[in-house]
Amino acid sequence: MKKPILVIPCSGIGKSFGSISRDAVFRVCDELRPGKADTICLSLLVMGDEEARRRVSESTCIAVDGCTLECSRNNVEGSGGEIAAHFRVMDLLRENRGLKPREVTFLDEDGEKLSAILAEKIAAKVDELWGES
Amino acid sequence: MKIKPKIGVVSCSGECCGLGTLSRVATRLVLEELRPDETVTICLPLFLAGEAEEHSFAKDYPTVSVDGCGKRCAYKAITKYSKEPAAGVDVEALLVEWGVEAPGDRRTLDGDGLKAARRLAELLAGKVDDIQGAS
């Protein structure tokens, strides 16, 4: 049986970018590609949790980062995982300059739109990687 | 006039379940609505993977850790890299104490989830006040 693709958001809490990254990942794992995609707590991984490290090392991983610090990519790679694809909310903003998300706790309309766009992109990548695995 | 220190409220990332969502939303409610001038935060993975600058966060500010589950990533991380938080909340244990069910949806909190988040935020704000009052 195939293992789900691990899609890991950055856990950002200070800006809307982190919220968009997390929301998009939840859309993919729970609504768009349940069973094909799953996630883990990034903090647990960085804390060195054995189960989290094992899952990352045995799975195909997609990192989703809110900002340029790229906590997800850096921490997954630092924990022995290989990144098959990487998405950044900052890049998505450049492609959608009309959208200006501001809210952090509960996404506003523009944040929701960006999350939906990002989720579709991630889901397409999950399908591609699923086919290869 | 004595200047009160800002308090760092640090939530676990908790992407694996609704308890993490509850922790983050409550933390943000404290930062945005209840104690905006008294609190600051930092992304936990950034703190964990960071250098001296990030780790000095909990040395510069007394902290309240907010953990979704009993693994207590935030509490352990702050203790390991800086100093023990001035207060910590294990949300999973707290909900048992309150007799409240954990949120089922990790993306969006429903009415009961929002109610729990607001109750948790009030509790956190109280801890912020206690720490500031004691310092």
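In the predicted model, 27 residues of chain A are in contact with 26 residues of chain B. On the side of chain A that touches chain B, the elements that contribute two or more residues are α1 (16-32), α2 (42-46) and α4 (71-78) of chain A, and of these α1(A) gives the most, with six residues. When the residues on this side of chain A are sorted by character, they divide into 13 nonpolar, 10 polar and four charged. For the complex as a whole, the predictor gives an ipTM of 0.90 and a pTM of 0.93.

Helix α1(A) also takes part in a contact inside its own chain, with helix α6 (residues 109-132) of chain A. Two packed helices are described by the angle between their axes and the distance between the axes. Here the axes of α1(A) and α6(A) come within 8 Å and cross at roughly 50 degrees, and α1(A) is therefore oblique to α6(A). The crossing in which α1(A) passes α6(A) is right-handed. From α1(A), the contact is made by Ser16(A), Ser19(A), Ile20(A), Asp23(A), Ala24(A), Arg27(A), Val28(A) and Leu32(A), while α6(A) supplies Gly111(A), Leu114(A), Ser115(A), Leu118(A), Ala119(A), Ile122(A), Ala123(A) and Val126(A). Taken over both helices, the residues of this contact divide into 10 nonpolar, four polar and two charged.

Turning to chain B, the mean pLDDT of this chain is 91, and 98% of its residues reach 70 or more. Chain B contains an open sheet of four strands, which are arranged in the order β2-β1-β3-β4 with parallel pairing. Because β2 (39-40) and β4 (87-90) of chain B stand at the edges and each have a single partner strand, one side of each is left without a neighbour in the sheet. Strands of a sheet pair through backbone hydrogen bonds, either parallel or antiparallel. In the case of strand β3 (residues 63-67) of chain B and the edge strand β4(B), the pairing is in the parallel sense and extends over four bridges; within this pair of strands, Asp67(B) has Asp90(B) in β4(B) as its bridge partner.

A helix is also placed against this part of chain B, since helix α5 (residues 73-81) of chain B lies across β1 (7-11), β3 and β4 of chain B. With respect to β3(B), helix α5(B) runs at about 145 degrees.

Key: Residues are numbered from 1 along each chain as its sequence is written. Chains are lettered from A and ligands numbered from 1 in the order in which they are written. This is a predicted model: local features need pLDDT of at least 70, side-chain atom pairs count only at pLDDT 80 or more; totals for chains, interfaces and linings use all residues. Two strands pair if DSSP finds at least two bridges between them. Two residues are in contact if their C-beta atoms, placed from the backbone, lie within 7 Å. Axes are lines fitted to C-alpha atoms, for helices over the stretch in contact, and angles run from 0 to 180 degrees between N-to-C directions. Ala, Val, Leu, Ile, Met, Phe, Trp, Tyr, Cys and Pro count as nonpolar, Asp, Glu, Lys and Arg as charged, and the others, Gly among them, as polar. Angles under 35 degrees count as roughly parallel, over 145 as roughly antiparallel, 65 to 115 as roughly perpendicular and the rest as oblique. A crossing is left-handed if the near helix is turned anticlockwise from the far one by less than a right angle, and right-handed if clockwise. pLDDT is the predictor's confidence in each residue, from 0 to 100.
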